[in-house]
Amino acid sequence: MSQILNANRIKISNQIKQHKLVAILRLKQQSDVAPLINCLVNAGINALEITSNTPGFEQEIAKARATYKNTLIGAGTIINTALAQQAIDAGAQFIVTPNTNQAVVELAHRHGLPVLMGALTPTDVANAIEYNADIIKVFPAGSMGVNYFKALTGPFSDVPLMPVGGINLDNLTHWFAAGACAVAVSSDFSKPVNNKQQYDTLSQLVCKYLSAVAHLTN
Ligand SMILES: O=C[C@H](O)COP(=O)(O)O
């Protein structure tokens with residue numbers, strides 16, 4: 001059983017590294033979630049997370065899992081085991097945290113889910129590795145800068161590092177050149193899509209991100 005669970009979490013974390021781009025949905029209104037996911041998925045997003053501080057995040061995860069069979073649906077802002085359990089019960093396929101909490105990793109792994117663990121300092125990163133996190137989410141990466149992120153790849157050369165916070169189309173390629181295995185983006189994607197113009201604008205933006213990611217060589 002544990003071999004199957006391990007294989008599942010390795011498969012999902014590898015898919016995230018292949019896709020290279022995770023859309024973060026952090027919305028104020030639950031009713032905005034489903035139309036936004038519809039737009040993102042139709043535009044080509046393969047992996048997305050719904051944050052726990054989005055109203056109704058559990059219901060929206062469950063709905064998205066039932067609707068989009070070929071898209072990875074994760075839960076974000078999972079700062080403790082209570083939220084992790086809610087996300088798991090809702091059907092989340094991966095867990096994203098802003099902080100290092102060993103108990104969250106243990107719980108997620110018992111259910112075969114990978115954890116993208118938030119870490120900022122070298123000590124945080126080392127702790128996340130010690131806790132067996134699957135991908136280390138360097139957060140908030142943009143506040144520290146690409147050079148700071150690149151410096152982390154020295155001691156942590158064999159570790160999958162995923163910068164989050166402040167990633168956008170203008171700087172996307174710099175993060176990958178510095179060693180990112182993937183990135184996650186919120187601001188550009190966490191927008192209500194309530195009419196055709198908003199839908200088309202967001203679709204075009206997603207296409208630009210996907211095109212930039214597709215042209216990466218690493
Ligand atoms: O949860 C969102 C993170 O803070 C990243 O946000 P951002 O991509 O808008 O900088």
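**Salt bridges, helix α1 and the ligand site**

In this predicted model, K196 and D200 form a salt bridge in which the closest N and O atoms are 2.6 Å apart. Both residues belong to helix α10 (residues 196-214), where four residues, about one turn of the helix, separate K196 from D200. An α-helix has 3.6 residues a turn, so residues three or four places apart point the same way. The two partners differ in their exposure: K196 is exposed, with a relative accessibility of 61%, whereas D200, at 28%, is partly exposed.

The K196–D200 pair is one of three salt bridges found in a search of the whole structure. Another joins the side chains of K63 and E60, with an N to O distance of 3.1 Å. Here too a single helix holds both partners: K63 and E60 lie three residues apart in α3 (residues 57-67), again about one turn of the helix. E60 is buried, at 2% relative accessibility, while K63 reaches 44% and counts as partly exposed.

The remaining pair has another character. The side chains of D134 and R9 meet in a salt bridge of 2.4 Å, N to O. This pair links distant parts of the chain, since D134 sits in the loop between α6 (122-130) and β6 and R9 in helix α1, 125 residues apart. Both partners are buried: the relative accessible area of D134 is 12%, and the relative accessibility of R9 is 11%. As general background, side chains of opposite charge can pair when their charged atoms come close.

R9 leads naturally to its helix. Helix α1 comprises 18 residues (2-19) and reaches 26 Å from its first C-alpha to its last, close to the 26 Å expected at 1.5 Å a residue. Its buried residues are L5, R9, I12, S13 and I16. These residues lie on the same side of α1 because they cover an arc of only 95° around the axis. The elements against which they pack are β1 (21-25), β3 (72-76), α5 (102-110), β5 (115-119) and β6 (135-138). On the face turned away from this buried side, α1 carries the exposed residues Q3, I4, K11 and Q18. K20 follows the helix, and its phi is positive, near 70°.

Strand β2 (residues 47-51) contains T51, a residue that is buried at 0% relative accessibility. The side chain of T51 is joined to that of T54 by a polar contact of 3.0 Å. Leaving aside residues up to four places away in sequence, T51 touches I24, L25, R26, F57, G76 and T77.

Two of these neighbours of T51, I24 and R26, also appear around the ligand, together with F139, V164, G165, G166, V185, S186 and S187. Polar atoms of the protein approach ligand oxygen atoms at several of these residues. At G166, a polar backbone atom is 2.6 Å from an oxygen atom of the ligand. A polar backbone atom of S186 likewise lies 2.8 Å from a ligand oxygen atom. For S187 the side chain is involved, with an N or O atom 2.3 Å from an oxygen atom of the ligand.

Technical notes: Residues are numbered from 1 along each chain as its sequence is written. This is a predicted model: local features need pLDDT of at least 70, side-chain atom pairs count only at pLDDT 80 or more; totals for chains, interfaces and linings use all residues. Side-chain values use heavy atoms; hydrogens and water are left out. Helices (H or I, at least four residues) and strands (E, at least two) are DSSP runs, numbered from the N terminus. The expected span of a helix is 1.5 Å times one less than its number of residues. Buried means under 20% relative accessible area, exposed over 50%, partly exposed in between (1.4 Å probe, protein chains only). The arc is that of the directions from the helix axis to the C-beta atoms. Contact means heavy atoms within 4.5 Å. A salt bridge is a side-chain nitrogen of Lys or Arg within 4 Å of a carboxyl oxygen of Asp or Glu. A polar contact is a pair of N or O atoms within 3.5 Å; within protein, one must be able to donate a hydrogen and the other to accept it, and residues adjacent in sequence count only if both atoms are side-chain atoms. A residue is near a molecule or strand if one of its heavy atoms lies within 4 Å of it.
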